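This note concerns the aromatic side chains and the charged groups placed over them. Please read the points below alongside the coordinates.

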Amino acid sequence: MKKPLLKHLVEITAHREHSRLAISVVSALYQLTDVKTIRMMDIFTMRDEHYVQEKMVIRDGTLHTIDEHTADDPKELLSAYPAMVACIRNHLNEYLEATPDGLHVLWLPVWLHGKMNSCLEIRSQQPFAPQMMDVIHGIFHVFCNYQSLLDYSERDALTGLFNRKTFDEQFTRYAFAIAPHEAHSMEQDERRHDSAEAQDDEPKGHWLAVVDIDHFKQVNDRYGHLYGDEVLILVANILRASFRSHDRIFRFGGEEFVILLRSTTLSDARKIFDRFRQNVQEYDFPQVGKVTVSLGFVGIARETPVVILGHADQALYHAKKTGRNRICYYQELVNSGVLRSGIATNDTVEFF
């Protein structure tokens with residue numbers, strides 16, 4: 001067992017991306033133990049409800065993964081998994097149970113920043129022998145430690161949000177992973193948006209927004225950089241509270257943030273972005289008082305990341321130029337003749 005175990009550990013620590021890391025760990029555990037099924041499940045919050053979503057499973061020697069860009073991923077309420085509820089409630093590192101049909105199930109929560117963000121479910125037809133538990137625990141702890149290191153390298157030190165380097169890496173994959181029919185559906189929706197009546201079957205799409213804190217330089221100049229940093233931290237907290245856990249939020253640099261909002265309609269995207277704007281406007285920032293943000297957003301279609309980000313930046317610039325504390329949708333500005341299609345500045349190109 002020594003050689004294959006070392007080989008798997010080398011493979012696990014060779015990855016620099018969370019989903020591939022998870023696949024290598026699940027595969028290693030399946031090959032090194034005599035178990036029936038292994039599942040990796042993500043836990044996320046949406047509309048104040050906790051959900052569980054299967055990320056990958058190995059069953060009968062075959063690996064199945066859920067595409068993270070699928071519009072309607074299958075998900076279940078967390079309450080349907082009493083073992084995971086017990087782990088969260090008691091902050092357990094493992095939970096062992098037997099099912100009515102005679103299977104033995106080991107639950108291994110993955111804790112990150114004090115929260116359980118995913119969980120391994122391992123099913124065996126036989127009780128877990130001590131030697132098997134040693135292998136499982138060893139590989140799982142390597143996985144957790146390495147995932148923490150990856151997460152640390154991906155995040156902004158001040159706000160804890162994903163950093164710009166992570167955006168550059170993730171958004172390129174994200175933009176090109178959209179299926180052609182999704183992009184086509186979004187393009188059709190954007191063209192008919194201003195001329196057609198709202199439809200009940202409004203298609204879902206993916207959206208990118210660029211956020212800028214209004215008059216942030218004045219905050220730093222008047223109150224000092226310590227209070228400026230506190231504003232950045234508090235805005236980051238409001239961002240987390242305003243969006244779903246499977247959306248992506250980045251600190252792009254300075255007082256600028258980027259949001260990837262996935263699988264929602266244009267009308268809902270507009271409401272979600274404006275709700276965030278209002279949440280900031282209504283928040284009472286210590287010492288500073290009231291702070292506002294401007295936001296520009298665009299649909300993620302079949303265009304290069306540079307073009308998509310450039311369009312969102314144009315919409316943000318228009319929001320700031322026309323009064324601040326507002327949101328602007330790029331395609332709407334183009335359709336009305338306020339903007340012409342294209343990137344107005346070359347500043348965006350350097351990010352890629």
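The points below address ring pairs, a ring cluster and charges over rings in this predicted model.

1. Aromatic pairs. The count of aromatic pairs comes to 13. One of them joins Phe273 and Phe297, with 5.0 Å centre to centre and 50° between the planes, an arrangement classed as tilted. The angle lies neither under 30 degrees nor over 60, so the pair is neither stacked nor edge-to-face.

2. Placement of the tilted pair. Phe273 belongs to helix α9 (residues 266-282), while Phe297 belongs to strand β11 (residues 293-299); the pair therefore ties together parts that are 24 residues apart in sequence. Both Phe273 and Phe297 are buried.

3. An edge-to-face pair. Tyr283 and Phe285 also form an aromatic pair, here edge-to-face, with 4.9 Å centre to centre and 70° between the planes. Tyr283 has 32% relative accessibility and so counts as partly exposed. Phe285, by contrast, counts as buried because its relative accessibility is 1%, and the limit for buried is under 20%.

4. Ring cluster. Phe273 and Phe297 recur in a cluster linked by ring pairs, together with Trp207, Phe243, Phe276 and Tyr329.

5. Charges over rings. Which ring has the charged end of Arg164 over it? The ring is that of Phe252, and the charged end of Arg164 sits 5.7 Å from its centre. Arg155 lies over the face of Phe162, at 4.2 Å from the ring centre.

Technical notes
Residues are numbered from 1 along each chain as its sequence is written. This is a predicted model: local features need pLDDT of at least 70, side-chain atom pairs count only at pLDDT 80 or more; totals for chains, interfaces and linings use all residues. Side-chain values use heavy atoms; hydrogens and water are left out. Rings of Phe, Tyr and Trp (its six-membered ring) pair if their centres lie within 6.5 Å; planes under 30 degrees apart count as stacked, over 60 as edge-to-face and the rest as tilted. Helices (H or I, at least four residues) and strands (E, at least two) are DSSP runs, numbered from the N terminus. Buried means under 20% relative accessible area, exposed over 50%, partly exposed in between (1.4 Å probe, protein chains only). A charge sits over a ring if NZ of Lys or CZ of Arg is within 6 Å of the ring centre and within 35 degrees of the ring normal.
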